[in-house]
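Work through the exercises below with the structure open beside you. Try each task before reading its solution.

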Amino acid sequence: MEKCQFCGKPATVHMTQVINNKTTVIRMCNECAAKHGLFDKEGLPFAMLSGLGEALFSGMKQNLSANGLICSKCGCTPMSFKETGRLGCPHCYKDLKLLIDGIIESSQKGTIHKGKYSREGTMAATINATDGFTDTSAKRPTRKLSTEEKLNELQEMLDAAVRAEQYEEAARLRDEIKILKGSEGIS
Amino acid sequence: MNDFAKKLFQDSKLAKETTPVVVSSRIRLARNLADFKFVKYACKGDLHAVAEKCEKVLASCPIFTNSTTINMGDLLDYEKLSLVERHLCSQEFIMETNESKLFFTDDHSISIMINEEDHLRMQVFRPDLNFKIMFDKINAIDDHVSENLNIAFDNRYGFLTACPTNVGTGMRASVMLHLPALVITKQIGNLILAVQKLGFVVRGLFGEGSEAQGNFFQISNQQTLGFAEVDILSRLTQIIRSIIEYELNAREIVKKERIIWLYDNIGRALGILRGCYCLTSIDAINCISLMMLAVDLGYLPNTLRGDLHQMMMKIQNSHIQVLENRVLNAGERDIKRAEFLREFFAAVPNLKFD
């Protein structure tokens, strides 16, 4: 009889997961399965749940240079991700990019968002028009932008205006950036 | 019945429209506020602020005029678990309930978890397979949310989530299937492997327990990044349609080759349900699964399908305690469960075999 990978009791739960043709098998007893949230109807069948992140981690392509990373906003590190299976904040996607790209590469279909609000969305929606789904990816309703996004957008517009020698417009954008930064307390 | 029990048992419409093979389907979107840490790392004050912001925006959404908001911290343990049994929230959601809130519509067709693993987990349910209607519904709510809150979004990664396995669309679509004939004909193992190879997940506990759960299987997408929402939904729809066809074919084979075995099993199950005085939930679900099959094959009236589905909810551990309004131990639950079942199946007509 197979043994539980966590406590050595007879295993009653056998999980097989195939991602991108790579098979991972985890065996465990009922108690350990419950402990790791395996009976969670909503969550993932396994993986990324506390402790189990480790088991999945070993099957993943790891970028060793990711080890020294730390998120400047929340302090999340590859180690804390390994322990909790969760990232700390949206900014982790920037500061822990190396780690995240490795995980995404081994667990996701692609590396670029093609769904709602995406730049590539229009194309995907055309292909799917035959299925009768609403063209949601092509539709770009007014998504509320975060301050950071807004600033980036304005900065891009400012650079473009300077390049095009439209100094009046550039001055207007510069003032807008200043006001926005002021209101959010960004220096 | 207390107020909580009334809210829990008011979804008769959703259950009544259940179809053969497809028991229910669900789409879930995960969203986070850009300016806050993800739930696991956020402090109590942040979680409180997130809950307040989300609640305010949701309350202004016209779709939630007939809905309930629950502070999860106010509930008893079995009340929380009964919401999990109804699929209105996840197991993880009820572990830490400090600042978490649950929104659901009176017909139980939409539920929103605030401060689960992600700040917002929005779900829509249907008793059949119709992702188009479901997606339009959840997408409209998402439009409202993203117009009114700073949602964490990146042009390359899409919607940012606490776990990179949800990033991108943040969408998980799943379908609960009743596949007794594929289990009886032992084709289920191969089917599970085939579905997994296509990048979808079959949930259920394999190994020893795999056949002992009323033949219910949940299939959902594993990957969330690199596809448009509509791609994931149309692929899943195609897969489910072929599984339905396999199941229906397998039922024909069982009827042709093992009819006495089938009559015997269905007949005995009804006997148990009418005569039991102490029944575990696994035994009960297995028997009800066979009654569902009997309805699908025309041995019991079609009108029973919705009632059976509701019965399956009602006899789950925490539902029994909600109905009784007190904590019951396993033995007491088994006795109460048997009582509900005896009473219900006494009124069910006799089987009409071909």
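**Exercise 1: a helix and its buried side**

Task: Which residues of α5(B) are buried?

Solution. The buried residues of α5(B) are Phe131(B), Met134(B), Phe135(B), Ile138(B), Asn139(B), Ile141(B), Asp142(B), Asp143(B), His144(B), Val145(B) and Ser146(B). Buried means under 20% relative accessible area, exposed over 50%, and partly exposed in between (1.4 Å probe, protein chains only). Helices (H or I, at least four residues) and strands (E, at least two) are DSSP runs, numbered from the N terminus.

Before going on, note the ground rules. This is a predicted model: local features need pLDDT of at least 70, side-chain atom pairs count only at pLDDT 80 or more, and totals for chains, interfaces and linings use all residues. Residues are numbered from 1 along each chain as its sequence is written, chains are lettered from A and ligands numbered from 1 in the order in which they are written, and side-chain values use heavy atoms, leaving out hydrogens and water.

Task: What span does helix α5 of chain B reach?

Solution. Take residues 131-148 of chain B, which are 18 residues. The expected span is 1.5 Å times one less than the number of residues. For this helix that gives 26 Å. From first C-alpha to last, the model reaches 25 Å, close to the expected value.

**Exercise 2: salt bridges within a helix**

Task: How many salt bridges does a search of the whole structure find?

Solution. The search finds 25 over all chains. A salt bridge is a side-chain nitrogen of Lys or Arg within 4 Å of a carboxyl oxygen of Asp or Glu.

Task: Where do Glu176(A) and Arg172(A) lie?

Solution. Both lie in helix α8 (residues 167-184) of chain A. They are four residues apart, about one turn of the helix. Their closest N and O atoms are 2.9 Å apart, in a salt bridge. Glu176(A) is partly exposed at 34%. Arg172(A) is partly exposed at 42%.

Task: Is Arg337(B) buried or exposed?

Solution. Arg337(B) has 0% relative accessibility, so it counts as buried. Its salt-bridge partner is Asp334(B), at 2.7 Å between the closest N and O atoms. Asp334(B) is buried too, at 14%. The two sit three residues apart in helix α13 (residues 330-346) of chain B.

**Exercise 3: a link across the chain**

Task: Which parts of chain B does the pair Lys101(B) and Glu55(B) link?

Solution. Start with the contact: their side chains meet in a salt bridge (3.0 Å, N to O). Lys101(B) is in strand β3 (residues 101-105), and Glu55(B) is in helix α3 (residues 44-59). The pair links distant parts of the chain, 46 residues apart. Lys101(B) is buried at 15%, whereas Glu55(B) is partly exposed at 23%.
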